[in-house]
Amino acid sequence: MSDLGLLSSVHSSFEEYATLLDDVIAELQSDTAQTDKCQRLIALLSEVQNGTDGGASLRAIQFSYMLNDAYGRPVDNFADLVAQLQAGRRDVALLSRVSALSSHLEKERAAIAHRMRR
C-alpha cells in the first residue's frame, strides 16, 4: 500500500472514532440512557485498556495508538473512564474527559492531514 493509501485509511479511521466520541458526548450532554454508541466506546476502551498483547483487535490497537501522547503514553486512565461510563455517570468531569479524548483525536487527525498534503 502506498504512503498516501495508508494515510487515507488511517484518516478514515479517525473519522469513525471521532464520530463515536462526538455521539457519546452528545449522549452525555442530553443525559439519556446509555445507547449502543456508549456501549461501543466502553467495549473499545476496555479492549485498549487490556493492551496490545496479541488478543486486541486491529481497531483497538489503532485506537490505542491514536489516544497516546507524544511519548507513547495513554492520554487518560482508560480503566477508570470505562468504570465511570459503565456506572452510568453523567457529570461534568466525565464529559470533560471524553471531550479531551475527542480534542486529542482531532489534533492527531490534523497531523495526519498535514502529512498527507506533503
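User: Which share of the contacts in the protein with a separation of 6 or more comes from residues 24 or more positions apart?

Analyst: Good place to start. This is a predicted model, and in the protein, 63% of the contacts with a separation of 6 or more join residues 24 or more positions apart.

User: Thanks! What elements does the protein have, and in what order do they run?

Analyst: Read them from the N terminus on: the order is α-α-α-α-α. In total there are five helices and zero strands.

User: How much of the protein is buried?

Analyst: A residue counts as buried when its relative accessible area is under 20%. Here, 35% of the 118 residues are buried. Take Ser13 in helix α1: its relative accessible area is 10%, so Ser13 is buried. Leaving out residues up to four places away in sequence, Ser13 touches Gln62 and Met66.

User: Which residues have the most contacts inside the largest nonpolar core?

Analyst: That core has 29 residues, and those with the most contacts inside it are Leu41, Leu45, Phe63, Leu85, Val98 and Leu105. Two or more core residues come from each of α1 (3-30), α2 (36-49), α3 (58-66), α4 and α5 (92-117). The largest share, eight residues, belongs to α1.

User: What is Leu85 in contact with?

Analyst: Set aside the neighbours within four places in sequence, and the partners of Leu85 are Gln34, Cys38, Leu41, Ile42, Leu45 and Leu94.

User: Leu85 brings me to its helix. Where do the buried residues of α4 fall, seen down the axis?

Analyst: First list them: in α4 (residues 78-86), the buried residues are Phe78, Leu81, Val82, Gln84 and Leu85. Viewed down the helix axis, they fall within an arc of 165°, so they line one face of α4.

User: And what caps the N-terminal end of α4?

Analyst: For a cap of this kind, look for a polar contact, a pair of N or O atoms within 3.5 Å. Asn77 does the capping here, with a side-chain oxygen 3.2 Å from the backbone nitrogen of Ala79. After the helix comes Gly88, with a positive phi near 80°.

User: One last feature: at what angle do α2 and α3 pack?

Analyst: Their angle is about 80°, and the axes are 9 Å apart. Angles of 65 to 115 degrees count as roughly perpendicular, so α2 is roughly perpendicular to α3. On the α2 side, the contact is made by Arg40, Leu41, Leu44, Leu45, Glu47 and Val48. The α3 side supplies Arg59, Ala60, Phe63 and Ser64. You have already met Leu41, Leu45 and Phe63 among the core residues with the most contacts.

Conventions
Residues numbered from 1 in each chain as written. Predicted model: local features only at pLDDT ≥ 70, side-chain atom pairs only at ≥ 80, totals over all residues. Heavy atoms only, no water. Buried < 20%, exposed > 50% of the residue type's maximum accessible area, 1.4 Å probe, protein only. Helix = DSSP H or I, 4+ residues; strand = E, 2+ residues; numbered from the N terminus. Arc of directions from axis to C-beta. Polar contact = N/O pair within 3.5 Å; in protein donor to acceptor, adjacent residues only side chain to side chain. Core = buried A, V, L, I, M, F, W, Y, C linked by side-chain atoms within 4.5 Å. Contact = heavy atoms within 4.5 Å. Axes fitted to C-alpha atoms, helices over the stretch in contact; angles between N-to-C directions. Parallel < 35°, antiparallel > 145°, perpendicular 65-115°, else oblique.
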